[in-house]
Amino acid sequence: MSDPADLRWVLLDLDDTLVDTRGACYRACMATARELALPVPTDESFHRLYGRLEFPDCVAAWCGDGHFAEFNQVYLEKVRYTAIGDVDGLLERIGRMRMRAGLITNSLPEEAARK
């Protein structure tokens, strides 16, 4: 077994560090509300609630109760996550340095896999 002093790790945060989660969700929420002819969240309302409430509660606050299932179905088709910076290059460099990488997120496993 390796000496613990020889083990080197880097922990990487997924949301809004490696992946532009907030921006992707903002664009998808706006497009979804417009497509479904629901009230479009204001910029202030989106940024005040997103990440502080569970997503179904955000949708209810923005668009009214009873819209989450339909909203989420369209939203999931529209959300497109993009990397922040050169994530592939970062991972390659970590590998060349013979470091181990771990990913931390508060996203559910299926959400993290999409991102």
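**Exercise 1. Locate Arg98 and describe its backbone and exposure.**

Arg98 sits in the loop between helix 5 (87-96) and strand 2 (100-104). The model is a predicted one.

Step 1. Take the backbone angle. Phi of Arg98 is positive, about 60 degrees, although the residue is not a glycine. Most residues other than glycine have a negative phi.

Step 2. Take the exposure. The relative accessible area of Arg98 is 76%. Exposed means over 50%, so Arg98 is exposed.

**Exercise 2. Carry out the steps of Exercise 1 for Ala37.**

Step 1. Ala37 is found in the loop between helix 1 and helix 2.

Step 2. Its phi is near 55 degrees, a positive value in a residue other than glycine.

Step 3. With a relative accessibility of 68%, Ala37 counts as exposed.

**Exercise 3. Check the length of helix 1 and find what its buried residues pack against.**

Step 1. Helix 1 has 15 residues, which at 1.5 Å a residue should span 21 Å. The expected span is 1.5 Å times one less than the number of residues.

Step 2. Compare this with the model. The end C-alpha atoms of helix 1 are 21 Å apart, so the two values agree.

Step 3. List the buried residues. In helix 1 they are Thr21, Gly23, Ala24, Cys25, Ala28, Cys29, Met30, Thr32 and Ala33.

Step 4. Find their partners. The buried residues of helix 1 pack against helix 2, helix 3 and helix 4.

**Exercise 4. Is Thr32 of helix 1 buried or exposed, and which residues does it touch?**

Step 1. Thr32 belongs to helix 1. Its relative accessibility is 0%. Buried means under 20%, so Thr32 counts as buried.

Step 2. Leave out residues up to four places away in sequence. Thr32 then touches Phe71, Val74, Tyr75 and Lys78.

**Exercise 5. How many salt bridges does the structure hold, and which side chains meet in them?**

Step 1. The structure holds four salt bridges. Three of them are worked through here.

Step 2. Asp20 pairs with Arg27 at 3.7 Å, N to O. Asp20 is partly exposed, at 21% relative accessible area. Arg27 is also partly exposed, at 45%.

Step 3. Lys78 pairs with Glu35 at 2.8 Å, N to O. This pair links distant parts of the chain: Lys78 is in helix 4 (residues 68-78) and Glu35 in helix 1 (residues 21-35), 43 residues apart. Lys78 is partly exposed at 31% relative accessibility, and Glu35 is partly exposed at 49%.

Step 4. Glu44 pairs with Arg48 at 2.8 Å, N to O. Both lie in helix 2 (residues 43-49), four residues apart, about one turn of the helix. Arg48 is partly exposed, with 42% relative accessibility.

**Exercise 6. Describe the largest pocket by volume, lining and residue class.**

Step 1. The largest pocket holds about 730 Å³ of space.

Step 2. Its lining is made of 25 residues. Tyr50, Phe55, Asn106, Ser107 and Glu111 lie nearest the centre of the pocket.

Step 3. Assign the lining to helices. Helix 1, helix 3 (55-63), helix 4 and helix 6 (109-114) each supply at least two residues. The largest share, four residues, comes from helix 4.

Step 4. Sort the lining by class. There are 11 nonpolar, five polar and nine charged residues in the lining of the largest pocket.

Definitions and conventions. Residues are numbered from 1 along each chain as its sequence is written. This is a predicted model: local features need pLDDT of at least 70, side-chain atom pairs count only at pLDDT 80 or more; totals for chains, interfaces and linings use all residues. Side-chain values use heavy atoms; hydrogens and water are left out. Buried means under 20% relative accessible area, exposed over 50%, partly exposed in between (1.4 Å probe, protein chains only). On a 1 Å grid over the protein atoms alone, a cavity is a set of points where a 1.4 Å probe fits but cannot get out, and a pocket is an open set with protein on both sides within 12 Å along at least five of seven lines; lining residues have an atom within 4 Å of a point. Grid points are joined across faces, edges and corners, and a volume is the space filled by probe spheres set on the points. Ala, Val, Leu, Ile, Met, Phe, Trp, Tyr, Cys and Pro count as nonpolar, Asp, Glu, Lys and Arg as charged, and the others, Gly among them, as polar. Contact means heavy atoms within 4.5 Å.
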